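Hi there,

Here is the structure I promised to send over. Have a look at it first, and my notes follow below.

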Amino acid sequence: MSTRTILFVCLVALLSLWAVSGRTEIDAVVDADGNWLEAHAPLVDLEVYYETLCPDSRNFIETQLYPTANKVGHVMNIKVYPYGKATEVQNPDKTWNYTCQHGPKECATNMLTTCALHFYSKHHHHRRHRLDKKLLDFIYCIENSEDPSNATIQEACAKKEHFSWHKLSRCADDKLGNELEHRMGLKTEALNPALNWVPWIVVNGVHNGTIQGEAVSDLLKLVCDTYTGARPKACPTPLDDEE
């Protein structure tokens with residue numbers, strides 16, 4: 001068999017493989033510094049509106065968001081909003097008084113998380129405002145703990161990611177954290193349709209019952225099916241989906 005014939009056969013085989021799979025596969029997720037790699041297609045925008053002490057929110061982070069991000073986080077633009085069904089009333093000094101579904105400890109933990117998002121995501125604007133991998137690790141560390149509202153646990157999670165506990169705790173206790181949480185509230189209250197459950201999932205700007213159901217049951221499949229670029233190797237194949 002001539003060299004030209006061999007090359008032609010190989011080319012046909014590759015094209016056949018591409019036709020079957022629909023998309024090529026990639027498997028790299030983070031760079032040498034632990035940051036998400038840049039994808040070569042539009043990222044899947046994933047917005048998660050949640051409450052830090054809500055059992056359903058915690059379960060979603062532990063069983064869906066964190067595992068999925070560790071597999072295909074490089075094709076996701078993750079944004080989280082710790083506020084949920086909280087309400088707010090403005091005080092005479094222009095600060096805000098929050099009432100949270102799971103009590104004052106949840107309000108405090110929401111605010112601490114918001115402070116972490118403020119301090120440790122603002123340096124990554126060049127990454128299209130994506131949630132930093134260390135921030136996701138910090139959130140998971142807290143939510144996967146015995147008590148996310150426990151200050152000792154929060155401090156240990158912060159130090160694990162080399163976050164300044166002094167900066168975070170001070171922010172959560174003063175006007176900065178109070179104002180930052182107000183912004184979370186404005187973002188949450190502007191949702192259309194309005195939030196009536198947590199976690200509330202928005203994908204590429206859209207929330208509906210189908211997206212919500214798929215997100216909380218199999219977020220990996222939802223992200224993989226939504227992404228239009230080269231299919232990550234961690235994504236289930238169509239055959240896996242059928243099974």
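Please keep in mind that this is a predicted model. The chain contains 9 helices and 7 strands. It has 243 residues, of which 47% count as buried. If we take the contacts with a separation of 6 or more, 74% of them join residues 24 or more positions apart. The chain's accessible surface is about 12800 Å², and carbon and sulfur atoms make up 57% of that.

I then spent some time on helix H5, which covers residues 151-160. Which of its residues are buried? Gln154, Cys157 and Ala158 are. These three lie on the same side of H5, because the arc they cover around the axis is only 100 degrees. The spacing fits a general rule: an α-helix has 3.6 residues a turn, so residues three or four places apart point the same way.

What do the buried residues of H5 pack against? Their partners are three helices: H3 (104-121), H4 (133-143) and H6 (165-173). On the face of H5 turned away from that buried side, you will find the exposed residues Thr152, Lys159 and Lys160.

Both ends of the helix are worth a look on your screen too. At the start of H5, Asn150 places a side-chain oxygen within 2.8 Å of the backbone nitrogen of Thr152. Thr152 is also one of the exposed residues mentioned above. Just after H5 comes His162, with a positive phi of about 65 degrees.

Happy to go through any of this with you.

Best wishes

Technical notes
Residues are numbered from 1 along each chain as its sequence is written. This is a predicted model: local features need pLDDT of at least 70, side-chain atom pairs count only at pLDDT 80 or more; totals for chains, interfaces and linings use all residues. Side-chain values use heavy atoms; hydrogens and water are left out. Helices (H or I, at least four residues) and strands (E, at least two) are DSSP runs, numbered from the N terminus. Buried means under 20% relative accessible area, exposed over 50%, partly exposed in between (1.4 Å probe, protein chains only). Contact means heavy atoms within 4.5 Å. Accessible areas come from the Shrake-Rupley method with a 1.4 Å probe; for residues, only the protein chains shown count as cover. The arc is that of the directions from the helix axis to the C-beta atoms. A polar contact is a pair of N or O atoms within 3.5 Å; within protein, one must be able to donate a hydrogen and the other to accept it, and residues adjacent in sequence count only if both atoms are side-chain atoms.
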